[in-house]
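Reader: I should be grateful for a close look at a single part of this structure, with an account of its surroundings.

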Amino acid sequence: MFPLLYLLTRNPEKNYAAIVRVRRIIALLATTCSGIFFKVEFESEIDWSMPYIICPNHTSILDITAIIFMCPQPFSFMGKVELLRNPVTRIFFKTIDIAVDRKSKISAFRAFKKADSLVKEGKSMVIFPEGKIDDEYPPRLHEFKSGSFKLAIDNQIQILPVVIQNAWQILWDGGEKFGSRPGTIQIKVLTPISTQLMTTQQSDEIQTLVYHRMQSYWTLGKSLQNVKNMEA
């Protein structure tokens with residue numbers, strides 16, 4: 001796909017939607033050929049004609065493909081600056097996605113300014129509110145960072161919480177420690193949470209609400225998986 005991507009990324013603003021589609025093809029071909037599939041369950045109907053701040057949990061590099069599979073509309077990721085070192089992800093993070101060095105306040109400020117511009121253009125943003133894949137195994141839902149919630153409030157758009165239940169069991173982090181296996185990743189898309197009429201002073205309030213809603217489904221998903229494992 002590189003020749004096509006090279007041509008499209010010469011003008012990323014004009015070819016934004018096309019680059020997103022090519023990324024989707026690459027991601028789904030890679031996982032399908034590896035025997036990895038996705039199953040999405042929606043808590044309520046989603047209006048994909050409007051933009052969202054999409055907030056998924058993060059335990060595996062497969063979370064990226066899970067969101068690509070789940071979301072039918074064009075969107076951008078915000079991710080760690082280290083992704084610029086990878087020759088594949090670099091293509092996207094130099095064009096349609098946003099790389100941020102969380103150790104640098106200047107980098108974080110620039111990243112969220114760019115995210116704000118994309119949201120104002122009507123594009124959705126995917127931000128993993130935990131900020132990283134933690135070293136803890138088995139993983140748990142870690143404390144959220146505030147940036148995605150402030151961005152949603154500033155633009156008065158809805159937050160879409162997403163719980164990716166078992167990607168870590170198929171491929172934890174990058175797979176270096178525990179390897180990988182084929183399987184089906186379960187994705188739970190929760191009901192969007194409105195930020196209408198909220199102020200930035202209330203960002204902690206909505207951050208806590210999103211965390212507890214995702215935590216309840218994350219815990220439930222792990223419990224159900226433990227039952228299945230015992231039955232097997």
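Is helix H3 mostly covered or mostly uncovered, and how many of its residues are buried?

Author: The model is predicted. Within it, H3 is mostly covered, with seven of its nine residues buried. These are Leu62, Asp63, Thr65, Ala66, Ile67, Ile68 and Met70.

The sheet beside this helix should be described next. It is an open sheet of seven strands with mixed pairing, in the order E1-E7-E6-E2-E5-E3-E4. Its edges are formed by strand E1 (36-42) and strand E4 (98-100), each of which pairs on one side only. On average, neighbouring strands of the sheet are turned by 25° against each other, direction ignored. E1 and strand E7 (residues 183-189) run parallel and are joined by seven bridges; in E7, Val189 is the bridge partner of Phe42.

Helix H3 (residues 62-70) packs on this sheet, where it touches E1, strand E2 (52-56), strand E3 (75-80), strand E5 (124-127), strand E6 (158-164) and E7. The direction of H3 makes about 55° with that of E1. Helix H6 (residues 147-154) also packs on the sheet, touching E2, E5 and E6, and its direction makes about 160° with that of E2.

There is also a pocket to consider. The largest pocket holds about 920 Å³ of space. Among its 34 lining residues, Ile61, Leu62, Ile64, Leu83 and Thr89 are the closest to its centre. H3 is one of the elements that give two or more residues to this lining, together with helix H2 (16-33), E3 and helix H4 (89-93). The largest share, five residues, comes from H2. By type, the lining comprises 17 nonpolar, nine polar and eight charged residues.

How values were computed. Residues numbered from 1 in each chain as written. Predicted model: local features only at pLDDT ≥ 70, side-chain atom pairs only at ≥ 80, totals over all residues. Heavy atoms only, no water. Pairing = 2+ DSSP bridges. Helix = DSSP H or I, 4+ residues; strand = E, 2+ residues; numbered from the N terminus. Axes fitted to C-alpha atoms, helices over the stretch in contact; angles between N-to-C directions. Contact = heavy atoms within 4.5 Å. Buried < 20%, exposed > 50% of the residue type's maximum accessible area, 1.4 Å probe, protein only. 1 Å grid on protein atoms, 1.4 Å probe; cavity = no way out; pocket = protein on both sides within 12 Å on 5 of 7 lines; lining within 4 Å. Points joined across faces, edges and corners; volume = space filled by probe spheres on them. Nonpolar A, V, L, I, M, F, W, Y, C, P; charged D, E, K, R; others polar.
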